[in-house]
Amino acid sequence: MQLIWLRSDLRIDDNTALAAACQRGPTLALWIASPGQWQAHDDAPCKVDFWLRNLHQLSQSLRELNIPLLIRHTETWQQVPETVLALCRQHGVEAVHWNDEYGVNETQRDQATAGLLQQHGIDACGYLDQLLFKPGSILTRSGQYFQVFSQFKRVCLEQLHLGLPARVPRAQLQAPLAIASDPIPTHIDGFDAPPQALREYWLAGEDEAHRRLTHFVDASIEDYQQQRDLPGRDGTSQLSAYLATGVISPRQCLHAALARNHGEFDSGNAGVQTWINELLWREFYKHILVGYPQVSRHRAFRAHTEALPWRQAPDELQAWKDGRTGFPIIDAAMRQLLHTGWMHNRLRMIVAMFLSKNLLIDWREGERHFMRHLIDGDLAANNGGWQWSASTGTDSVPYFRIFNPITQSQRFDPHGQFIRHWIPELRHLDAKTIHAPKRPSGLFDAAPYAAPLVDLDSTRQRALDAFKNL
């Protein structure tokens, strides 16, 4: 008997570990709920709900292949090795298969599980699946992990020109097993159910993921370079939640993009090339997790920036979280996050730089808040993005480059379309005023929208001084 241990790979198609297990013999599937671990990782309730909904869809697909899906519960990952071993003993499992995950805690969990299984004569087989390239295979000439994306990308493209990562065959129907599947939980204690509107926007399942991919490639990818920075337009793929949960694979995304661009990586349509770059950014930050494990431990990649004099300003932090900063593009973005579990990538950079530079609040506060609300929350991408914006990370923006939220708003939401959607109290303003609303002039004038939380010029200078003094 073979066992596929499912984690962030909730799909049937192009699932490396699942295909390998089924090729070796009759297969069982396992999924483990670990709510204490998820809370320690600040996983968002909407993300946990998305896992469960995708797991429900996956269980139906597995049932059609006669693969029973078993559910186990542990409080943290420390109990996972014994839980997996007990299941193996119960069902006579000879080998356990899983797709590798990255991060310090994930690595320790998998190493402990593999060690215990091997002590009891059970094979433990990990596979490259979440990435296009195995961490450690894309290195500098001196054998180090890359710290600059452009250099990393160049080597990746050289490897891709030599051959594309192949998609694996779909698992085939197996003979029925006398083992019943467990019911899929609809709720995990400690994680509130998200609003129905959020669930309806982020539909679960492989079919939905492929529908989004097909729609994006057919309708939007060729304009991606021009449209991706405009939050009021539907110009991005919005596949990040499906990639983070493993409902779709990066190989499937890459093959679909290349098919649209006649197999070209660095020529042809600029929109396709730009989107492939985004897939490689995702790859880059995963490799950083492995090569520089301090980023998994809430440490700055650039160690000297730990000395930055971060401010303790709880009221300003809360205003930022609530979307009450008085800067419309910031507040609209934060409200989008709270209501949808997602934020446009350009806006993630703007709000992150505002928190870490203009408010001079520790980037880790923002990183944690994002993880607690993002349906596509991913340690590598979230940490990488926050440290890039805060100028503490690898390949990060120079500390003296500080986005002005007003000019960013004027450039990327010129007509205020996005702002009006999320800040209805500003809908009556014209396209010029909406980016920086004027304050009421009289004592008794209505003030439905917050005054600016800070002065942009003076806080910019404060941030520059803080970095210069390191």
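**Notebook: T394 and the parallel sheet**

I began with the accessibility of T394 in this predicted model, and I recorded the residue as buried because its relative accessibility is 5%, where the cut-off for buried is under 20%.

I then looked up where T394 sits in the chain, and found it in the loop that runs between α17, residues 379–390, and α18, residues 405–412.

Which residues does T394 touch, once those up to four places away in sequence are left out? I noted Q147 and V148, then F284, Y285 and I288, and finally F301 and R302. For Q147 I also entered a polar contact, in which the side chain of T394 comes to 2.4 Å from the backbone oxygen of Q147.

Next I turned to the sheet, and asked in what order its five strands lie. I read the order as β3-β2-β1-β4-β5, in an open sheet with parallel pairing. At the edges I placed β3 (69–73) and β5 (123–127), each of which pairs on one side only, and for the twist I wrote down an average of 25° from one strand to the next.

Within this sheet I followed the pairing of β1 (residues 2–6) with β2 (residues 27–33), two strands that run parallel and are joined by five bridges; for L6 I found W31 of β2 as the bridge partner.

Last, I checked which strands helix α1, residues 16–24, lies across, and listed β1, β2, β4 (95–99) and β5. Against β4 I entered an angle of about 160° for the direction of α1.

Terms used: Residues are numbered from 1 along each chain as its sequence is written. This is a predicted model: local features need pLDDT of at least 70, side-chain atom pairs count only at pLDDT 80 or more; totals for chains, interfaces and linings use all residues. Side-chain values use heavy atoms; hydrogens and water are left out. Helices (H or I, at least four residues) and strands (E, at least two) are DSSP runs, numbered from the N terminus. Buried means under 20% relative accessible area, exposed over 50%, partly exposed in between (1.4 Å probe, protein chains only). A polar contact is a pair of N or O atoms within 3.5 Å; within protein, one must be able to donate a hydrogen and the other to accept it, and residues adjacent in sequence count only if both atoms are side-chain atoms. Contact means heavy atoms within 4.5 Å. Two strands pair if DSSP finds at least two bridges between them. Axes are lines fitted to C-alpha atoms, for helices over the stretch in contact, and angles run from 0 to 180 degrees between N-to-C directions.
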